[in-house]
Structures are given as structure tokens and as C-alpha cells.
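Here is a set of questions and answers on one protein chain. Have the sequence and the model open as you read.

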Amino acid sequence: MQGEPEVAVLRLGHRPGRDERMTTHVGLTARALGADRAILAGDASKSRGTVEDITDRFGGPFDVELTESPKAVIRDWEGQVVHLTMYGERVQDVEAEIRERRADGDPILAVVGSQKVSFDVYEAADWNVGVTNQPHSEVAGLAVFLDRLFEGRELDREWEDADQTVIPKATGKKVVPADEE
């Protein structure tokens, strides 16, 4: 969130044709729930384009980039690395410490997998965090983690340079040009 240390999301792995929807949803969830940028591994240019299109239409700021070397992103990160995995420590046991480190100025890199994550990612992480120790999707894990990290403040975010705005309604859908809001 603006004015605070960066929160970036790294999506490990991407299998074209198989992971398009999930990788796109990782990027959209990162954007909607307060991260500053998403870094997508591999040939995820379609997912990148979709997230950039949503950002153009519904506002930002939010950046999306591709990397061929996700392990280098982790290795070179100047801040805290939080690997989201169902095998990690319970989020409720470590979230305050992670927030405290961020409040001290450390940027956060939240890492989410795709296929099997190699053990060196677990070793490189400052925290291996499970939002539940039951099987679940990386999108669910990311959403819960970001909400816990920001303590719900991300839900009141103001979006800049939006072309369209969703108007909350009890039933139905209403999307209007941003200048009509």
C-alpha cells in the first residue's frame, strides 16, 4: 500500500495452457488485496496482459513483471521472504511478527507456488507460512495472508487513474465510468 514498505508477490512456475487462469488469479488477487506488484515466473505473458488490462480499467497503481529466474528474485530480495505453503507455520502465530518487520521498513516478498516447490525455497524463506494446514489453492492462501498482513485496510484502498468503477449493490451489477462515480 502506498507510503509503506513494498509488498510484492512472486508466482513460482507457470505451465502455459495449464496455469493461465490460476496465475492470472494470483496477479488479480495480489492487486485487489494490497500488494504493489506481482512477479510472474516463466511464459506468463497472457496472465500479465490480463492483470495489466484490469489495472488500466479499474485503477492502480500496480505493476506486473515477468521473470525467467524466480530463485534469483528470492535470493536478491532486500527484505523479508514469506513463502505461503500449507506445510508452514500457522499464519495466526507469525502474522504480528511479519507486520512488525514490515513496520520496521522491511519490504515483503510473498511467494506462492504452482507445481511442487523445491526445498531450497523453503530454506531461503524467512517464514514458511500456512493459512491452513489443509490442501487449498495458492490464490486462497495469498488472499488470506494479504488480508492478515494489512488487517483489512486494503479493502478501503482508493484506486488511481481508473476508467471504470464498480458501484456496490445488494443485487445486480453496476459498473460506471470513473468520472461518473
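Buried means under 20% relative accessible area, exposed means over 50%, and partly exposed lies in between. The model is predicted.

Q: Is E95 buried or exposed?
A: The relative accessible area of E95 is 13%. The cut-off for burial is under 20%. E95 therefore counts as buried.

Q: Which residue of helix α4 meets E95 in a salt bridge?
A: Helix α4 covers residues 91-103. The partner sits four residues from E95, about one turn of the helix. The N to O distance is 2.9 Å. The partner is R99.

Q: Which parts of the chain does the pair of E95 and R148 tie together?
A: The side chains of E95 and R148 meet in a salt bridge, 2.5 Å from N to O. The two residues are 53 residues apart in sequence, so the pair ties together separate parts. E95 lies in one helix and R148 in another, spanning residues 138-150. The parts are helix α4 and helix α6.

Q: Is R148 buried, partly exposed or exposed?
A: R148 has a relative accessibility of 32%. Buried needs under 20% and exposed needs over 50%. R148 therefore counts as partly exposed.

Q: Which residues do salt bridges with shared partners join into one network around E95?
A: E95 pairs with R99. E95 also pairs with R148. Shared partners bring E151 into the network too. The network is E95, R99, R148 and E151.

Q: How far apart are the closest N and O atoms of D76 and R75?
A: D76 and R75 are both exposed. They form a salt bridge, for which the cut-off is 4 Å. The closest N and O atoms are apart by 3.6 Å.

Q: How many salt bridges are there in the count?
A: Side chains of opposite charge can pair when their charged atoms come close. The pair of D76 and R75 is one of the salt bridges. The count comes to 14.

Q: In what order do the six strands of the open sheet run?
A: The pairing in this sheet is parallel. The edge strands are β3 and β6, each pairing on one side only. Neighbouring strands are turned by 30° against each other on average, direction ignored. The order is β3-β2-β1-β5-β4-β6.

Q: What is the bridge partner of A41 in β3?
A: β2 and β3 pair in the parallel sense over five bridges. Strand β3 covers residues 63-67. The partner of A41 is T67.

Q: Is T67 buried or exposed?
A: T67 is in contact with L10, I39, L40, A41, G42 and V73, leaving aside neighbours within four places in sequence. Its relative accessible area is 12%. That figure makes T67 buried.

Q: What angle does the direction of α1 make with that of β1?
A: Helix α1 packs on the sheet. It touches β1, β2 and β5. The angle between α1 and β1 is about 175°.

Q: Which element gives the largest share of the largest nonpolar core?
A: In soluble globular proteins, nonpolar side chains tend to be buried together. The largest nonpolar core here has 30 residues, and I98, L142 and F145 have the most contacts inside it. Elements that each supply at least two residues include β1, α1, β4 and α4. The largest share, six residues, comes from α6.

Q: Which residues does L142 touch, not counting those up to four places away in sequence?
A: L142 is among the residues with the most contacts inside the largest nonpolar core. Its partners are V9, V26, T29, A30, L84, A110 and V112.

Q: How many residues are in the second, separate core?
A: This core includes L10, L12, V73 and V81. L10 and V73 are also among the contacts of T67. The second core has 13 residues.

Q: With which side chain does that of S47 make a polar contact?
A: S47 lies in helix α2, residues 45-58. At 0% relative accessibility, S47 counts as buried. The polar contact is at 2.9 Å, and the partner is T24.

Q: What distance separates the C-alpha atoms of F58 and E151?
A: F58 lies in helix α2 and is partly exposed at 22% relative accessible area. F58 touches residues including R31, W159 and V175. F58 and E151 are 93 residues apart along the chain, and their C-alpha atoms are separated by 23 Å.

Note on methods
Residues numbered from 1 in each chain as written. Predicted model: local features only at pLDDT ≥ 70, side-chain atom pairs only at ≥ 80, totals over all residues. Heavy atoms only, no water. Buried < 20%, exposed > 50% of the residue type's maximum accessible area, 1.4 Å probe, protein only. Polar contact = N/O pair within 3.5 Å; in protein donor to acceptor, adjacent residues only side chain to side chain. Contact = heavy atoms within 4.5 Å. Core = buried A, V, L, I, M, F, W, Y, C linked by side-chain atoms within 4.5 Å. Pairing = 2+ DSSP bridges. Axes fitted to C-alpha atoms, helices over the stretch in contact; angles between N-to-C directions.
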